[in-house]
Amino acid sequence: MKAFNDLADFSSDEIAALLELALRLEQHPEPEALRGKVLSLLFLSPSLRTLASFQAAMTRLGGGSFVISPEMSIHGIETRPGIVMDGAAAEHIREAVPVIASYGDAIGIRAFAQRQNLEFDMAETEFTALTDLIHTPYINMESAMNHPCQSLADWKTMDDLGMPATGGKFVLSWAYHPRALPLAVPASTLHMAAKRGMDVTVLRPEGFELPDAIMQKARAAADESGGSIVESEDRVEAMEGAHVIYAKSWSSTKHYGDKLSDQKLREELLDWCVDEPWFDNARDDCRFMHCLPVRRGVVVSERVLDGPRSIVIAEARNRMFAQMAVLHQMLGTQS
Amino acid sequence: MKAFNDLADFSSDEIAALLELALRLEQHPEPEALRGKVLSLLFLSPSLRTLASFQAAMTRLGGGSFVISPEMSIHGIETRPGIVMDGAAAEHIREAVPVIASYGDAIGIRAFAQRQNLEFDMAETEFTALTDLIHTPYINMESAMNHPCQSLADWKTMDDLGMPATGGKFVLSWAYHPRALPLAVPASTLHMAAKRGMDVTVLRPEGFELPDAIMQKARAAADESGGSIVESEDRVEAMEGAHVIYAKSWSSTKHYGDKLSDQKLREELLDWCVDEPWFDNARDDCRFMHCLPVRRGVVVSERVLDGPRSIVIAEARNRMFAQMAVLHQMLGTQS
Amino acid sequence: MKAFNDLADFSSDEIAALLELALRLEQHPEPEALRGKVLSLLFLSPSLRTLASFQAAMTRLGGGSFVISPEMSIHGIETRPGIVMDGAAAEHIREAVPVIASYGDAIGIRAFAQRQNLEFDMAETEFTALTDLIHTPYINMESAMNHPCQSLADWKTMDDLGMPATGGKFVLSWAYHPRALPLAVPASTLHMAAKRGMDVTVLRPEGFELPDAIMQKARAAADESGGSIVESEDRVEAMEGAHVIYAKSWSSTKHYGDKLSDQKLREELLDWCVDEPWFDNARDDCRFMHCLPVRRGVVVSERVLDGPRSIVIAEARNRMFAQMAVLHQMLGTQS
């Protein structure tokens with residue numbers, strides 16, 4: 001495996017193999033699998049779960065990792081092309097990234113969306129500029145529009161619970177949050193649920209529609225898997241018979257990059273906090289998912305988050321096993 | 001071993017076994033013992049020795065670790081229960097701690113005393129709130145009133161030097177320091193020396209008496225081990241025939257949480273700096289112990305700290321071996 | 001090997017053996033070589049390549065490392081001798097360094113030049129004060145006047161490319177940079193090229209002559225190896241027939257520690273930016289070397305840095321293999 005960048009790059013069989021491997025590694029540790037192998041971890045955006053779970057994953061497979069993160073931005077890293085570096089920055093990303101990559105057998109890279117221009121972010125301009133600099137295998141640890149490790153972990157979490165693929169109803173719901181957050185998780189989650197063959201409803205208020213290209217990509221996945229995708233602003237309709245609601249806040253796409261307009265739209269939507277009444281017409285065992293971090297009492301009520309519906313800790317733990325499977329395929333001797 | 005939280009939770013035989021294991025691992029490395037095992041290290045308070053020695057310990061046993069520390073407080077972590085998270089913090093400890101724990105086979109947690117309310121700290125309110133969130137084995141890396149890793153290391157350090165248990169005279173002395181420090185080390189040290197069977201004198205000025213519950217716990221340990229405990233404000237009396245003085249500053253318990261009153265009391269006590277004359281009527285080979293970090297010329301004179309009495313570096317080094325023993329028992333296949 | 005502090009401490013045969021080992025470890029991994037061994041990494045100055053490459057090196061050899069860096073300067077570390085520590089700093093280097101060293105089988109230390117007094121820096125006063133505190137083997141990760149890991153990696157990089165030793169022309173050139181940088185890399189590089197037997201030209205403007213002691217040390221190495229050393233301010237003369245130009249900015253030695261005078265001298269020298277015309281009379285395949293980080297458009301033009309002459313990424317990658325060789329000799333069972 002040369003890159004783990006997008007679940008869309010993998011066939012259903014390939015994903016099934018990754019999930020099977022993840023489960024096997026969870027049940028049967030292989031502390032010799034990646035002896036002496038090194039994973040470089042480059043965070044241009046902050047991290048908690050990804051930072052910890054990748055380090056743990058490499059250790060469990062017998063290898064190791066090192067972390068370069070923005071807190072360490074020692075020299076100040078310049079990213080603009082063609083610049084005369086006579087300011088504060090003493091190092092350019094064009095050297096820093098290949099060097100960091102050169103110490104590892106693979107590199108994980110995180111670079112969040114800039115959230116100024118939708119086309120720029122949709123094109124993965126920044127992330128691609130980074131991966132173009134390297135020749136080692138790489139893992140997308142969250143880019144502007146993708147978070148494949150989260151999605152693979154979420155898929156495994158639903159499998160672990162025996163949640164149906166075909167015929168399973170998956171509600172991806174926008175939720176209130178005081179800030180305009182990236183689209184990576186909703187885009188990635190939508191595609192994942194569609195690719196898993198589920199009947200997906202995207203529940204979101206006006207002005208928060210997901211971009212056409214994201215919807216198209218997910219529809220293509222649904223067409224292939226036998227799943228389906230609908231959009232709704234109607235909470236009751238959306239939750240009808242749902243197996244799971246996956247809550248996530250994201251930026252207004254209507255006002256992408258325009259913080260004031262986004263804020264104005266958003267501040268009317270404080271009631272988009274997932275709470276027990278949302279589940280009134282869902283299945284009794286309807287689950288609550290979220291990628292974390294989550295704001296209690298804002299995105300979701302405490303009683304839902306702390307109650308039996310919530311599987312957020314299992315999702316987070318599965319990050320480790322999903323990533324172990326990816327690393328095993330990418331760096332193992334059979335790869 | 002499900003938890004290493006307090007030496008008081010272990011019988012003398014169990015501690016003897018840990019110390020024997022620590023010595024064995026010092027002399028005979030076992031780099032395969034914890035192959036592929038992961039220790040999560042969660043620091044809610046700063047660290048140098050603990051941070052380094054736990055990482056080194058896991059490596060020496062063939063496993064690994066990852067660190068989450070306050071410098072990384074990426075999203076800002078909320079700790080208050082029942083709060084609506086519409087402020088700066090984007091993550092609650094109720095998710096963060098279980099997730100971090102879920103990536104490890106065990107977790108080490110450090111959370112210093114809040115030093116506002118003595119009952120709150122004595123009850124280990126904060127630390128217990130954290131450990132209540134997890135199901136994996138855990139290690140207390142210093143809580144409000146305990147520092148069992150330091151105490152186990154200190155015990156080993158005295159053993160290594162052949163310092164007598166029964167009949168050994170141990171002086172735990174308050175020392176001057178410009179700030180009101182936690183009670184964790186004096187409380188833990190007092191109990192350790194008592195449990196080791198030593199004759200312990202707590203030497204401290206008025207207003208710095210250790211809380212009743214701490215004294216009671218240590219007296220119970222002394223009763224069982226054949227040791228004894230007395231308190232004194234008289235340096236000459238206390239040091240008479242001492243085998244070792246363990247210096248440590250701590251908050252005024254009379255004015256706990258009241259910085260101004262503590263400061264006023266404290267600023268009269270600048271002469272509580274351990275120096276050579278303190279040892280005039282001690283044993284010739286009386287040792288000086290301190291958990292570090294220590295302020296030179298404030299807590300202890302340079303000539304004592306740099307002289308042959310000082311065993312502070314050995315104490316620090318033994319942190320690693322003591323913790324290797326704990327980790328080996330907690331995570332090894334025979335556990 | 002008790003210390004890796006200076007290439008001058010090693011015979012040519014010893015260096016050849018290190019380089020051979022580095023190549024072997026690059027081609028044939030030995031993930032069992034340093035099982036359970038620990039490298040302490042103490043950074044008193046910032047780092048990117050060194051931080052990452054040492055961690056990766058230990059992992060590849062089956063051991064591990066931990067990092068203490070200035071960002072973590074938790075308690076504030078006091079370095080002045082004989083001081084009463086009643087200020088902000090809660091820990092003295094006299095405890096911190098031995099303790100950090102005590103957790104490792106070896107320690108790497110980085111402490112940049114203070115750049116106030118040339119004699120102080122030339123005497124390696126600060127670095128020696130640190131290494132005097134420890135008993136474990138140590139590695140110089142860049143001191144005031146040395147950077148042996150960089151030099152060993154650079155030597156390997158030239159070997160890898162088949163660049164001639166005897167008869168190879170090596171130009172060490174000063175370059176413009178907005179700040180007065182340390183002399184460690186130019187001093188170390190000059191000596192390395194001389195020891196490799198190359199014909200070295202030190203190309204630098206007036207006021208930036210390297211100190212006599214540095215020149216003498218390099219000349220002694222050249223005498224032994226059959227190399228040669230000349231100095232020049234004439235770029236055309238210097239580059240005539242060159243196999244390689246190694247660019248690096250450094251402080252004015254005439255105005256060492258005097259930032260204003262250095263700045264005044266320096267600001268006339270903006271044209272000391274290595275660009276394609278510099279290579280007009282060099283060999284066609286003349287290479288460009290730099291230790292990184294490098295300022296694009298300031299120290300070197302983008303077309304040179306991104307062009308086929310540049311081998312800066314290979315130099316950085318060879319840091320890892322050079323250090324693996326050092327660690328293998330220092331900590332391996334045959335050591």
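**Chain contacts and a parallel sheet in chain B**

In this predicted model, the contact between chain C and chain B takes 27 residues from chain C and 29 residues from chain B. On the side of chain C that touches chain B, strand S3 (64-68), strand S5 (91-92) and helix H3 (93-102) of chain C each give two or more residues. H3(C) accounts for the largest share of that side, with six residues. By class, the side of chain C that touches chain B consists of 14 nonpolar, eight polar and five charged residues.

Chain B also meets chain A, where 27 residues of chain B are in contact with 29 residues of chain A. At least two residues of the side of chain B that touches chain A come from each of strand S3 (64-68), strand S5 (91-92) and helix H3 (93-102) of chain B. The largest share is supplied by H3(B), which contributes six residues. The side of chain B that touches chain A comprises 14 nonpolar, eight polar and five charged residues.

Within chain B, five strands form an open sheet with parallel pairing, in the order S10-S9-S8-S11-S12. Strand S10 (228-232) and strand S12 (287-289) of chain B stand at the edges; each has a single partner strand, so one side of each is left without a neighbour in the sheet. On average, and with direction ignored, neighbouring strands of this sheet are turned by 20 degrees against each other. The edge strand S10(B) runs parallel to strand S9 (residues 199-203) of chain B and is joined to S9 by five bridges. Opposite B:Val230 in S10(B) stands B:Thr201.

Definitions and conventions
Residues numbered from 1 in each chain as written. Chains lettered and ligands numbered in written order. Predicted model: local features only at pLDDT ≥ 70, side-chain atom pairs only at ≥ 80, totals over all residues. Contact = placed C-beta atoms within 7 Å. Helix = DSSP H or I, 4+ residues; strand = E, 2+ residues; numbered from the N terminus. Nonpolar A, V, L, I, M, F, W, Y, C, P; charged D, E, K, R; others polar. Pairing = 2+ DSSP bridges. Axes fitted to C-alpha atoms, helices over the stretch in contact; angles between N-to-C directions.
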